[in-house]
Amino acid sequence: MCRAHGLSEGVRGPRAWTSPRRTPLYYPDAVTLTADAEARDVLDGIDRTTPGASVKDSLARLDLAPEGFRLLFEAQWIHRPAGLPDRAADAGAAAYRPAGLPDRAADAGAAAYRPVRTPGELAAWTLAWSGGDADEAALFRPELLDDPATTIVAGHAFDGRILGGAVLTTSPRVTGVSNLFTADGVPASAAWSGVLTVADPALPLVGYESGDDLDAALAAGFEAIGPLRVWLDA
């Protein structure tokens, strides 16, 4: 995401990753990498000249309140082993049929999940993800489509509407899942099932979720493996 916005990839230290320039909206300015990371490991390498810098406390070990930060949210890291069957498939079926759709069109009403390939498709995806907020939609730039490690996934209804989606970030050992969303009335189980059809089955999946979104991930075969926190500079 930093590269897509013309930023450097930041600095990877022994205990934390930091960005000397402010990162894009919703993306952290610093991330702890080890359990022994301290406040100075994340704060000394980021820009705090204006409020709004954020820190992903990956193992929920830091207390940044004395440094002027507030706890934005807590969540759980999730992990799904490679090759695990989609036990949410029958319940979610990666499908959603709008009210009034004729029975003969039921199969066509299933959401087809596939990678976003073109800037036009990306523009439609960003508006669905953001709920129509143009400023938020601008976060995802076409440069991301050229990144071989990034796959933006969209679930399309029979009439072309986007019913859900996510972003897959793949490394040689694991695939990260982020930004998972659904349209109003579509269960999260449908999005998880759809995304699983696109992700490489040979790699485990990781991410983080909280609340009802965590429950949906657990139902899709993920397990919670530890807490994290995100702090915001007030």
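Start by selecting Pro28, which counts as buried at 18% relative accessibility; buried means under 20% relative accessible area, exposed over 50%, and partly exposed in between, with a 1.4 Å probe and protein chains only. Before moving on, note that this is a predicted model, in which local features need pLDDT of at least 70, side-chain atom pairs count only at pLDDT 80 or more, and totals for chains, interfaces and linings use all residues. Residues are numbered from 1 along each chain as its sequence is written, and side-chain values use heavy atoms, with hydrogens and water left out.

**Around Pro28**

Pro28 sits in the loop between strand S2 (16-18) and strand S3 (30-32). Helices (H or I, at least four residues) and strands (E, at least two) are DSSP runs, numbered from the N terminus. Which residues is Pro28 in contact with, leaving aside its neighbours within four places in sequence? Show Trp17, Thr23, Ser54 and Lys56; contact here means heavy atoms within 4.5 Å. Now add Trp231: its C-alpha is 9.0 Å from that of Pro28, although the two are 203 residues apart in sequence.

**Along strand S4**

Two of those contacts of Pro28, Ser54 and Lys56, lead to the next stop. Select strand S4 (residues 54-57): Ser54 and Lys56 point one way, Val55 and Asp57 point the other way, and all are buried. On one pairing, S4 runs parallel to S3 over 2 bridges; two strands pair if DSSP finds at least two bridges between them. Look for Val31, whose bridge partner in S4 is Lys56. S4 also runs antiparallel to S11, joined by 4 bridges, and here Ser54 stands opposite Leu232.

**A loop residue and a strand residue with positive phi**

Most residues other than glycine have a negative phi. Go next to Ala60, in the loop between S4 and S5, where phi is near 55°, a positive value. Ala60 counts as buried at 14% relative accessibility. Then jump to Asn179 in strand S9 (residues 175-182); phi of Asn179 is near 55°, and this residue counts as partly exposed at 21% relative accessibility.

**Aromatic pairs**

How many aromatic pairs does a search of the whole structure find? There are 7. Rings of Phe, Tyr and Trp (its six-membered ring) pair if their centres lie within 6.5 Å; planes under 30 degrees apart count as stacked, over 60 as edge-to-face and the rest as tilted.

Select Trp77 and Tyr208, an edge-to-face pair at 5.6 Å centre to centre with 80° between the planes. Trp77 is in strand S5 (residues 69-80) and Tyr208 in strand S10 (residues 205-209), so the pair ties together parts that are 131 residues apart in sequence. Trp77 is partly exposed at 24% relative accessible area, and Tyr208 is partly exposed at 28%.

Next, show Trp192 and Phe222: their ring centres are 4.8 Å apart and the planes meet at 55°, so this pair is tilted. Trp192 belongs to helix H5 (residues 188-198), while Phe222 is in the loop between helix H6 (211-219) and strand S11 (223-233), so the pair ties together parts 30 residues apart in sequence. Both Trp192 and Phe222 are buried. For a last aromatic stop, display Trp125, Trp129, Phe140 and Phe181, which form one cluster.

**Zooming out**

Finally, show the whole protein, with its 6 helices and 11 strands. Buried residues make up 42% of the 234 residues.
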